[in-house]
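Here is a short report on one protein chain. Keep the sequence and the 3D view open as you read.

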Amino acid sequence: MSQSFPIPSPADWRAEAEKALKGRPIEGLVHLDADHLTTRPLYGRANATDAVFAPRASDADGRAWDLRTLVEGDDPDAVNAAVLADLEGGAASVILSGAVLADSGPLGRTLAGVAMELAPVGLDAGIDGPDAANALAVVAKGAPRARLMFHMDPLSAYAMAGGSPNPIEAHIGLAANTAARHAGAYPDATFFLATGRVAHEAGGSAGQELGFAAAAAATCLKAAVEAGLPIERALAGTVLGISVDADYFDSLARVRALRLIWRSISRAFGSETPARIEARSSRRMLAAKDPWPNLLRLTAAGFAGAVGGADAVVLDGFSRAVGRPDAFARRAARNTQLILMEEAHIGRVADPAAGSWYLDHRTRDLAEAGWTEFQRIEREGGLVASLRGGAFQQRVAASRAAGKARLAEGDGQMVGVTKFVDAEARPVAVEDGASPPVHGNDDRCPPLSPLRWAEAFERGEAA
């Protein structure tokens with residue numbers, strides 16, 4: 001004999017939910033973020049959007065994504081040893097930073113023994129990006145299959161420093177001309193890094209980060225065309241950058257949203273081109289007083305970058321907030337990705353988030369927020385005008401203040417900082433590092449200064 005059970009009505013579900021909330025209104029489960037987007041407690045067909053499918057466009061020599069490592073230093077021999085150790089230990093590509101980029105001589109020693117046809121080499125040279133690109137081109141000796149990533153990004157350097165030695169338009173033009181000059185010799189090279197990471201690290205919202213990246217990409221593409229680079233080559237030579245942090249759902253949605261935004265941008269330039277996305281772990285989420293829980297945060301960030309479909313993922317050393325990561329911290333960062341890739345196998349599905357009502361909804365919401373911010377920047381005269389006038393920085397400052405207030409009021413938690421604090425945290429070792437060169441700022445703008453959410457708690461300035 002079969003037995004039937006009554007199906008609860010929506011009113012019954014609501015009553016049960018309010019009972020579990022002990023009288024608090026169910027509307028309190030709906031959250032509003034820094035972009036004024038709502039996040040609901042439950043998603044279903046009634047509030048679903050069209051499904052999003054945003055897989056990565058390529059693999060990294062048979063791997064799901066490119067395990068990319070960041071190596072900094074001023075001594076070419078020491079950096080060379082670190083680069084070779086990372087590549088032999090599982091990294092597929094490397095980004096270099098520091099005084100080793102000053103000229104082709106030290107850079108050549110740094111890359112001794114590195115086969116650039118197999119292991120892509122990128123640069124993080126700030127406003128000196130064109131000079132570093134020229135040095136890398138010399139070291140590559142015109143090898144047509146060398147996989148160079150010049151990663152020229154004058155706009156982020158301008159925004160973070162609060163100025164540039166010459167008018168920023170001149171630096172953008174120099175980067176574009178450098179790209180045009182080397183495009184023929186290095187057909188597999190990428191030239192520009194269009195990233196909103198500087199907005200993220202200053203406390204900006206997801207929409208602001210995505211909007212900055214889109215505006216930076218449009219600015220570089222226009223300059224490249226003016227320098228004589230065909231638009232198809234300029235699009236293929238642009239790498240998009242995004243931050244990923246411990247909030248892995250939002251982080252992976254940002255990666256997917258950036259792919260949607262790029263699709264619209266490339267179509268607008270007349271040549272739809274697959275996005276190349278480099279996800280870097282957030283530095284604003286890191287703690288210095290007790291750096292060990294950063295391992296958890298970085299693992300979550302790596303998971304988000306990979307599941308979100310980034311083509312390359314760069315994780316910082318867990319000791320970054322204390323100083324320049326040493327060999328142990330770099331190894332931990334590298335092995336974190338290797339475990340996610342080779343043991344957890346999280347790259348075996350092309351787009352694991354596709355079909356999730358919540359993640360599809362969140363991806364579209366963030367893409368629209370990023371596109372809205374991009375349009376706002378364009379109405380202000382473009383990214384240079386917006387930065388020079390300070391309009392974009394004002395919006396980031398509002399998001400920064402809201403983020404600080406959220407943590408101070410207990411709406412968010414950080415393990416080891418606001419919760420489960422270790423009173424006797426173990427110290428970590430870091431490497432000595434020279435300060436980056438300081439340039440004069442003849443063209444000034446309000447700076448987008450980086451922050452760390454934990455810093456106020458570490459100083460005892462937050463309750």
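Which residue just after helix 15 takes a positive phi? Gly410 does, with a phi of about 85 degrees.

This is a predicted model, in which local features need pLDDT of at least 70, side-chain atom pairs count only at pLDDT 80 or more, and totals for chains, interfaces and linings use all residues. Residues are numbered from 1 along each chain as its sequence is written, and side-chain values use heavy atoms, with hydrogens and water left out.

**Helix 15**

Helices (H or I, at least four residues) and strands (E, at least two) are DSSP runs, numbered from the N terminus. Helix 15 covers residues 391-408, 18 residues in total. From first C-alpha to last, helix 15 reaches 26 Å, close to the 26 Å expected at 1.5 Å a residue. That expected span is 1.5 Å times one less than the number of residues.

Phe392, Gln393, Arg395, Val396, Ser399, Gly403 and Leu407 of helix 15 are buried. They lie on the same side of helix 15, because they cover an arc of only 160 degrees around the axis. The arc is taken from the directions from the helix axis to the C-beta atoms. Buried means under 20% relative accessible area; exposed is over 50%, and partly exposed is in between (1.4 Å probe, protein chains only). What covers these residues includes helix 8 (206-226) and helix 14 (383-389). Contact here means heavy atoms within 4.5 Å.

**Two histidines with positive phi**

Both residues below are other than glycine.

| Residue | Phi | Place | Relative accessible area |
|---|---|---|---|
| His151 | near 50 degrees | strand 6 (residues 148-152) | 5%, buried |
| His345 | near 55 degrees | loop between helix 12 (327-343) and helix 13 (357-379) | 34%, partly exposed |

**Strand 4**

Now turn to strand 4 (residues 93-97). Here 5 of 5 residues are buried. In a regular strand the side chains alternate between the two faces of the sheet. Ser93, Ile95 and Ser97 point one way, and Val94 and Leu96 point the other way.

Two strands pair if DSSP finds at least two bridges between them. Strand 3 (residues 66-72) runs parallel to strand 4, with 5 bridges joining them. Glu72 stands opposite Ser97. Strand 3, helix 2 (residues 76-88) and strand 4 make a right-handed β-α-β unit. Right-handed means that, with the strands pointing away from the viewer, the path from the first strand over the helix to the second runs clockwise.

Strand 5 (residues 121-123) also runs parallel to strand 4, joined by 3 bridges. Leu96 stands opposite Leu123 in strand 5. The chain crosses from strand 4 to strand 5 through helix 3 (residues 104-110), and this β-α-β crossover is right-handed.
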